[in-house]
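Here is a walk through one protein chain, written for someone who would rather look at side chains than at statistics. Keep the viewer open while you read.

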Amino acid sequence: MDFEKFCQENCVERKGTGTLKWDSLQEIFGDADLLPLWVADMEIQSPKAVRDALIKRVNHGVFGYGRVEDSYYDAFFAWQKEHHGMDLAKENVRFATGVVGSLYAAVRSYTKEGDSVIICSPVYYPFYDAILNAGRKLVTCELDNHEGYYTLDLAKFEKEIADNDVKMFILCSPHNPVSRVWTEEELAGMFDICKKHGVLVLSDEIHQDFAYGDHKFISSSIVKGGAYKDILILLNAGSKTFNLAGLIHSHVIIFNEDLMKTYDEYIKSIGCPEANVMGLTALEAAYRGGAEWLENVKALICHNYEYMVKEFAEKCPKIVVTPLEGTYLSWIDLRGYMPGDQVADFIQKKCRLACDVGEWFSFTGHGFVRFNLATDTKNIKTAVERVIQNIQA
Ligand SMILES: Cc1ncc(COP(=O)(O)O)c(C=O)c1O
């Protein structure tokens, strides 16, 4: 694949178009003049099929209340079946305006104030907020870092659950930021412990479509033939897959009837909105016509990753880059060159990059930065050059 050509044809200037990533740098980082590699969205235009469907919808010109048509379910279910071996039915699905909102809703639906909720850090930082903002007790189980490759120590996980009388586990699968695509054995190990201790599993699978090479994403719902469906609340969306995050449209999937009833009652009590018509239009089109686009984008992500790894290995070999198994986010350890507590300043003030930094993901995460690889290769080249030059300076 000609990556330069792909970027020229598919990547666009976003600055000045009302973006969180490019236009909020002053508010978030206190400096508008940084190259942003933070927020997990892309500079790559969504598939043409999506843009055409949205244009058609816009040209119709009426944006009254919508409803979810059978054709949407057909496209959604076919994608989940073909790509992930999942069997879904309408009664298992609810719609939401984003996965983060559903994390908040699920924590509040299934636990009460003071209950303990466990997460495996370093992990996507809104997990912390969903627990703490609801007045629940945060329990963290730090993943083990084997020179950049992360695993979960099940004995430690079980001890935290038992000691803290944990009621819910928020799983990130694939795991942002450490890029793990959990194997079926690893997931079954976690879920056996959850089942034994009466812990519900809230499985955030928003990165489901980004697994590379031999790594195969296994939805929590199909682990051991669906053996853990009864303790699951599963969240997914097309927002990462097809770069649609601004359309705030996502899915909540629940198989256990009692759990669904509890969820419905909670949502009714807070008067949540119906599905967004633009989100429905875009995602149906993406599921039907976006597969080839996705393959190209994944190839570009791998290309950007390989470029970065090669450059660092040659010029700054003490940088440890976590192996890219899943997501489009790369987790980079700079502690070989400076104390961990200097890395955030180094990356922003010296390298002039806006990145999510380790301490956002874990209380002990100092020393790491996360690069978003789903961008024009020229941005990755600039970022890598700046890191190398400033380390060598
Ligand atoms: C693990 C995870 N969950 C949820 C989200 C955001 O979901 P949404 O935009 O649907 O709220 C992200 C975005 O990066 C993420 O990485």
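## The loop with the cis prolines

Proline 174 sits in the loop between β7 and α9. Keep in mind that this is a predicted model. The peptide bond joining serine 173 to proline 174 is cis, with omega at about -10°. Proline 177 is also placed in the loop between β7 and α9, and the bond leading into proline 177 from asparagine 176 is cis too, with omega near 15°.

Arginine 180 belongs to that loop as well, between β7 (166-172) and α9 (184-196). Proline 174 is one of the residues in contact with arginine 180.

## Arginine 180 and its partners

Is arginine 180 buried or exposed? With a relative accessible area of 2%, arginine 180 falls under the 20% cut-off, so it counts as buried. Setting aside neighbours within four places in sequence, its contacts are Tyr149, Tyr150, Thr151, Pro174, His175, Glu186 and Glu325.

Two of those contacts are salt bridges. Arginine 180 pairs with glutamate 186, where the closest N and O atoms are 2.7 Å apart, and with glutamate 325, at 2.8 Å from N to O. Side chains of opposite charge can pair when their charged atoms come close. The arginine 180 side chain also reaches the backbone oxygen of tyrosine 150, at 2.9 Å.

## Two domains and the seam between them

Zoom out, and the domain assignment splits the chain into domain 1 (3-46 + 291-392) and domain 2 (51-289). The C-alpha centres of domain 1 and domain 2 are 25 Å apart. Where they meet, 31 residues of domain 1 are in contact with 37 residues of domain 2. Together the two domains bury about 3,000 Å², with 57% of that on carbon and sulfur atoms. Glu325, Thr327 and Phe361 account for 24% of the area domain 1 buries against domain 2, more than any other three residues.

How many salt bridges cross the interface of domain 1 and domain 2? The rule finds one. Polar contacts between domain 1 and domain 2 come to 23 residue pairs. On the domain 1 side, the elements giving two or more residues are α12 (291-315), β12 (329-333) and β15 (368-372). Helix α12 has the largest share, with six residues. By type, the domain 1 side divides into 18 nonpolar, seven polar and six charged residues.

## Two residues with positive phi

Threonine 327, already met at the seam, has a positive phi of about 65° although it is not a glycine. Look for threonine 327 in the loop between β11 (320-321) and β12. Its relative accessible area is 0%, so threonine 327 is buried.

Glutamate 147 has a positive phi too, near 50°, and is likewise a residue other than glycine. Glutamate 147 lies in the loop between β5 (144-146) and β6 (149-151). What is the relative accessibility of glutamate 147? The value is 74%, so glutamate 147 counts as exposed.

## Salt bridges elsewhere

The structure holds 27 salt bridges. One of them joins the side chains of lysine 48 and aspartate 52, at 2.7 Å from N to O. Why do these two sit about one helical turn apart? Lysine 48 and aspartate 52 are four residues apart in helix α4 (residues 48-60), so about one helical turn separates them. Lysine 48 is exposed, with a relative accessible area of 54%, whereas aspartate 52 is partly exposed at 37%.

Arginine 67 and glutamate 69 make another salt bridge, their closest N and O atoms being 3.1 Å apart. Arginine 67 is exposed, at 63% relative accessible area, while glutamate 69 is partly exposed at 40%. There is also a network of salt bridges, which links Arg14, Lys21, Asp41 and Glu43.

## A buried alanine

Finish with alanine 106, in helix α6 (residues 99-110). At 1% relative accessibility, alanine 106 counts as buried. Apart from residues up to four places away in sequence, alanine 106 touches Met168 and Leu202. Alanine 106 and leucine 235 are 129 residues apart in sequence, and their C-alpha atoms are 9.9 Å apart in space.

Terms used
Residues are numbered from 1 along each chain as its sequence is written. This is a predicted model: local features need pLDDT of at least 70, side-chain atom pairs count only at pLDDT 80 or more; totals for chains, interfaces and linings use all residues. Side-chain values use heavy atoms; hydrogens and water are left out. Domain bounds come from an automatic or database domain assignment. Contact means heavy atoms within 4.5 Å. Buried area is the accessible area (1.4 Å probe) that two parts lose on being put together, summed over both. A salt bridge is a side-chain nitrogen of Lys or Arg within 4 Å of a carboxyl oxygen of Asp or Glu. A polar contact is a pair of N or O atoms within 3.5 Å; within protein, one must be able to donate a hydrogen and the other to accept it, and residues adjacent in sequence count only if both atoms are side-chain atoms. Ala, Val, Leu, Ile, Met, Phe, Trp, Tyr, Cys and Pro count as nonpolar, Asp, Glu, Lys and Arg as charged, and the others, Gly among them, as polar. Buried means under 20% relative accessible area, exposed over 50%, partly exposed in between (1.4 Å probe, protein chains only).
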